[in-house]
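Reader: I am new to this structure and would like a close look at a single part of it. Please set that part in the context of the whole chain.

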Amino acid sequence: MNSHSRSLIRSSLALRTLARTISTSPSSKPTGDISSVFPSLSGATSSPLPPRFADLKERLIRGHEREVAESWHRLLATLQYKRHELKALGSRIVPEINFYDLGDVGKRTDFRDALHKTGVAVIRSVVSEKEALDWKDLVQRYIKTNPSTKGFPTENPAVYELYWSPSQILARAHPNVLRIQAFLMSHWRSANNSALISTSNPLSYADRLRIRAPGDAKFALGPHIDGGSCERWEEHGYGLGAVYNAIMAGNWECYDPWEASCRLPVKSDLYNGPGGCSMFRMFQAWLAMSEVEDGEGHLMVCPMIKEATAYFLLRPFFSAVDNWTLENPTSSLLQGAVPANCQELNPSLHPHLGLENTMVHIPRVRPGDYVAWHCDTIHAVDKVHRGASDSSVMYIPACPLTEANAEYLARQRETFAEGLPAPDFPSSDEGESHHRGRLTPEYVMKNISMEAQRAMGLVAFPAEAKGVLEQERMVMRRANEILGFA
């Protein structure tokens, strides 16, 4: 029997195992599109938060009121300096490294230091320009072949409700993409050495893609943070891991945005929003399929990860009308936070961030470049695309192997097989299930690398391989149990 035949047999066995073991149906999200979680895009009005949020705010800082007030004023002084720095440096503050320089220790060290400070990065030439442009051409043909494809805006979409097109599957499976995801996630650390997490085994997260035409002014996505809104303050949200406890205790300087183990128990989607992310994405990211620069529908970021996070979390405790002293009485306001939506920010609600100057453009990118930002980073896009050609990207975030992420992967695997939207995204009766040219798990099993198959939850992780660290072995064993391979 030749190696090709053995491979096909293994694939067949794995697929039969997959069919037997999938028992958890994907969670049902409301229907919608990308605007569904952004009141500023959808035009939806929001009701005031209920009184329980005032009680929550009081509990969060009880016994630390003086320390929180003092820390707030230290933070405002730091932000004043940071605003001047970012206004002067602009896009130059964003660290860059070429994929082919990852072996250069000096360049990697400089990149690491800048990444930890800013929370954002550009990795050049992760795939070739030709390959990225071919993927854009392929997905455009896929859309043309399947005119029922939905997107936002409804007329002339910029963001498509696509998750399983050939271009997206091939990009997520590309060995360079998987390598750069592991590289980026290696910059996180864990205070708990026994925490069940592996950053060297990136998982595939099925997300959308964007092809924004010149002149578009409807996909005007303002400053926001994904991964929940109210959940960041809630005890049964990010509070489960005490992620922001240092900030709430009046010691924001000791908050570590890069500590991973505290995020493992977090529930970031308490309200089942149509696009609320329940998976732990260390980095949000996209792969460029076009040239894009300032003003051309490009990404903007606020590259001060620690200070910006501390500010938007502390902002609800202070009153503008009382010269920025602690609220008295405490209100239920969480500025920009609406249940089941993303956290939005603006200069009126968050004046000390100086978003007019601190939201800087990512440097000019070319097809094949990979842009990534920490999961708490404030980001936006140009309100108007003033360029002459499309601004196109595939969203491909970097997700570590954890128990909760493996549970999500099992649900996502089912939507992959059925051609339906991934579990975190707006539901659809049909999705891509009838799309011609859609790739399937069978295709992946027969044509794509074992590493990519693992990332998609289609084959077991090598938990018993020699040289695997015990902590990594344990999380791989647990993932294999969750995915039905053990």
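Author: What follows is about strand S14 and its surroundings, after a short view of the chain.

This is a predicted model, in which local features need pLDDT of at least 70 and side-chain atom pairs count only at pLDDT 80 or more, while totals for chains, interfaces and linings use all residues. Residues are numbered from 1 along each chain as its sequence is written, and side-chain values use heavy atoms, with hydrogens and water left out.

The chain holds 15 helices and 17 strands; helices (H or I, at least four residues) and strands (E, at least two) are DSSP runs, numbered from the N terminus. Its C-alpha trace spans about 80 × 50 × 50 Å along the principal axes. For 486 residues, a compact globule would have a radius of gyration near 23 Å, and the 22 Å of the chain agrees with that. This radius is taken over C-alpha atoms, and the globule rule is 2.2 Å times the number of residues to the power 0.38.

Of the 486 residues, 58% are buried, where buried means under 20% relative accessible area, exposed over 50% and partly exposed in between, with a 1.4 Å probe and protein chains only. Among contacts (heavy atoms within 4.5 Å) with a separation of 6 or more, 82% are between residues 24 or more positions apart.

Strand S14 covers residues 370-374. Because five of its five residues are buried, S14 is largely enclosed by the rest of the structure. The cover reaches both faces: Tyr370, Ala372 and His374 lie on one side, Val371 and Trp373 on the other, and all are buried.

Two strands pair with S14, pairing being a matter of at least two bridges found by DSSP. Strand S2 (residues 120-124) runs antiparallel to S14 and is joined to it by four bridges. In this pair, isoleucine 123 stands opposite tyrosine 370. Strand S8 (residues 283-288) is also antiparallel to S14, over five bridges. Here phenylalanine 283 has histidine 374 as its bridge partner.

Another covered part of the chain is helix H7 (residues 166-173), with seven of its eight residues buried. Among them are Pro166, Ile169 and Arg172. Serine 165 is in the loop between strand S4 (159-160) and H7. It counts as buried because its relative accessibility is 0%. Leaving aside residues up to four places away in sequence, serine 165 touches Val139, Tyr142, Leu209 and Glu432.
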